[in-house]
Amino acid sequence: MDDKPISVVDTNVLLNLATPVVDGRPAAPTGADPLKALLSSYHVHVPTSVIGELSAATGSDDLLSAAADLVLKASHHLTTHDVEAKIDEPLDYGLDQGESDGIWLANTLDAPLFITDEFNSTNYLFVSLALDDRNTLFTTPHVLCKLASHEVLPSEYVDAALSYYVDSKGWDEQYLNQLRHKYLRD
């Protein structure tokens with residue numbers, strides 16, 4: 001067994017990593033595959049509810065559906081866990097099923113990383129409360145910057161991807177600029 005760290009991810013993270021790959025518009029960054037970079041750098045674990053959420057996102061003629069199709073095609077690289085029967089009580093923090101299952105899985109696996117993209121909402125605070133103290137909470141842009149700092153992804157690609165997310169997702173530009181400063185420009 002290799003020494004890749006375990007990461008538990010939320011559905012939105014997988015979709016956000018796949019979106020630039022399937023987006024053919026000129027604004028989309030090119031030259032790398034952030035989903036493939038995550039899957040090759042970490043043992044990625046997900047609750048089965050994530051696969052259900054991905055399947056539910058397919059079937060349309062839009063970027064979300066195309067991203068979900070790409071993730072499902074790569075799902076053989078994901079380790080899935082049926083956690084619903086094992087959870088005594090669901091979290092009562094207003095989080096969706098996938099987030100709640102992912103937090104339970106991260107705590108159970110003693111995963112060093114739990115990656116979610118709830119950072120533009122108060123859910124991020126609730127996720128951080130629900131995780132055990134040994135888990136580190138990451139976001140998609142944070143993971144992309146870490147992958148660039150480890151030379152898994154080109155820094156130029158990650159820089160372009162962060163701008164893409166600001167424009168396409170409305171993610172907090174100040175947060176992304178702090179990540180750029182910390183990981184891409186120092």
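Start by selecting helix α7, residues 140-149: eight of its 10 residues are buried, so the rest of the structure largely encloses this helix. Keep in mind throughout that you are looking at a predicted model.

**Stop 1: inside α7**

Show the side chains of T140, P141, H142, V143, L144, C145, L147 and A148, the buried residues of α7. Now bring up what surrounds them. Which elements cover this helix? Among the elements over its buried residues are α1 (11-22), α2 (34-41), β4 (113-115), β5 (136-138), α8 (155-169) and α9 (173-184).

**Stop 2: α7 against α8**

Next, add α8 to the selection. Two packed helices are described by the angle between their axes and the distance between the axes. For α7 and α8, the angle is about 170° and the axes are 9 Å apart. With angles over 145 degrees counted as roughly antiparallel, α7 and α8 are therefore roughly antiparallel to each other. Their crossing is left-handed.

To see the contact itself, pick T140, P141, L144, C145 and A148 on the α7 side, and S155, V158, A161, L162 and Y165 on the α8 side. Colour them by class and you will find eight nonpolar residues, two polar and no charged in this contact of α7 with α8. As you look along the helices, recall that an α-helix has 3.6 residues a turn, so residues three or four places apart point the same way.

**Stop 3: the loop after α7**

Move along the chain to E151, in the loop between α7 and α8. Is E151 buried or exposed? E151 is exposed, with a relative accessible area of 74%. Check its backbone too: phi is positive, about 60°, although E151 is not a glycine. For context, most residues other than glycine have a negative phi.

**Stop 4: D110 and A111**

Now jump to the loop between α5 (97-109) and β4, where A111 lies. D110 is found in that loop as well. Start with D110, another residue to check for phi: the value is near 55°, positive in a residue other than glycine. D110 is partly exposed, with a relative accessible area of 42%.

A111, on the other hand, is buried, with a relative accessible area of 0%. Where does V8 sit relative to A111? Draw a C-alpha to C-alpha distance and it reads 6.8 Å, although A111 and V8 are 103 residues apart in sequence.

**Stop 5: α3 and α4**

For another helix pair, select α3 (residues 48-56) and α4 (residues 63-73). Their axes come within 8 Å and cross at roughly 140°. That angle makes α3 oblique to α4, and the crossing is left-handed. Display I51, L54 and S55 of α3 with A68, V71 and L72 of α4, the residues that make the contact. By class, this contact of α3 with α4 has five nonpolar residues, one polar and no charged.

**Last stop: the whole chain**

Zoom out and switch to a cartoon view. The chain has nine helices and five strands, running β-α-α-β-α-α-β-α-β-α-β-α-α-α from the N terminus. Its C-alpha atoms fill a box of roughly 45 × 40 × 35 Å along the principal axes. The radius of gyration is 16 Å, which agrees with the value near 16 Å for a compact globule of 186 residues.

Colour by burial, and buried residues come to 48% of the 186. Finally, try a contact map: among contacts with a separation of 6 or more, 72% join residues 24 or more positions apart.

Technical notes:
Residues are numbered from 1 along each chain as its sequence is written. This is a predicted model: local features need pLDDT of at least 70, side-chain atom pairs count only at pLDDT 80 or more; totals for chains, interfaces and linings use all residues. Side-chain values use heavy atoms; hydrogens and water are left out. Buried means under 20% relative accessible area, exposed over 50%, partly exposed in between (1.4 Å probe, protein chains only). Helices (H or I, at least four residues) and strands (E, at least two) are DSSP runs, numbered from the N terminus. Contact means heavy atoms within 4.5 Å. Axes are lines fitted to C-alpha atoms, for helices over the stretch in contact, and angles run from 0 to 180 degrees between N-to-C directions. Angles under 35 degrees count as roughly parallel, over 145 as roughly antiparallel, 65 to 115 as roughly perpendicular and the rest as oblique. A crossing is left-handed if the near helix is turned anticlockwise from the far one by less than a right angle, and right-handed if clockwise. Ala, Val, Leu, Ile, Met, Phe, Trp, Tyr, Cys and Pro count as nonpolar, Asp, Glu, Lys and Arg as charged, and the others, Gly among them, as polar. The radius of gyration is taken over C-alpha atoms; the globule rule is 2.2 Å times the number of residues to the power 0.38.
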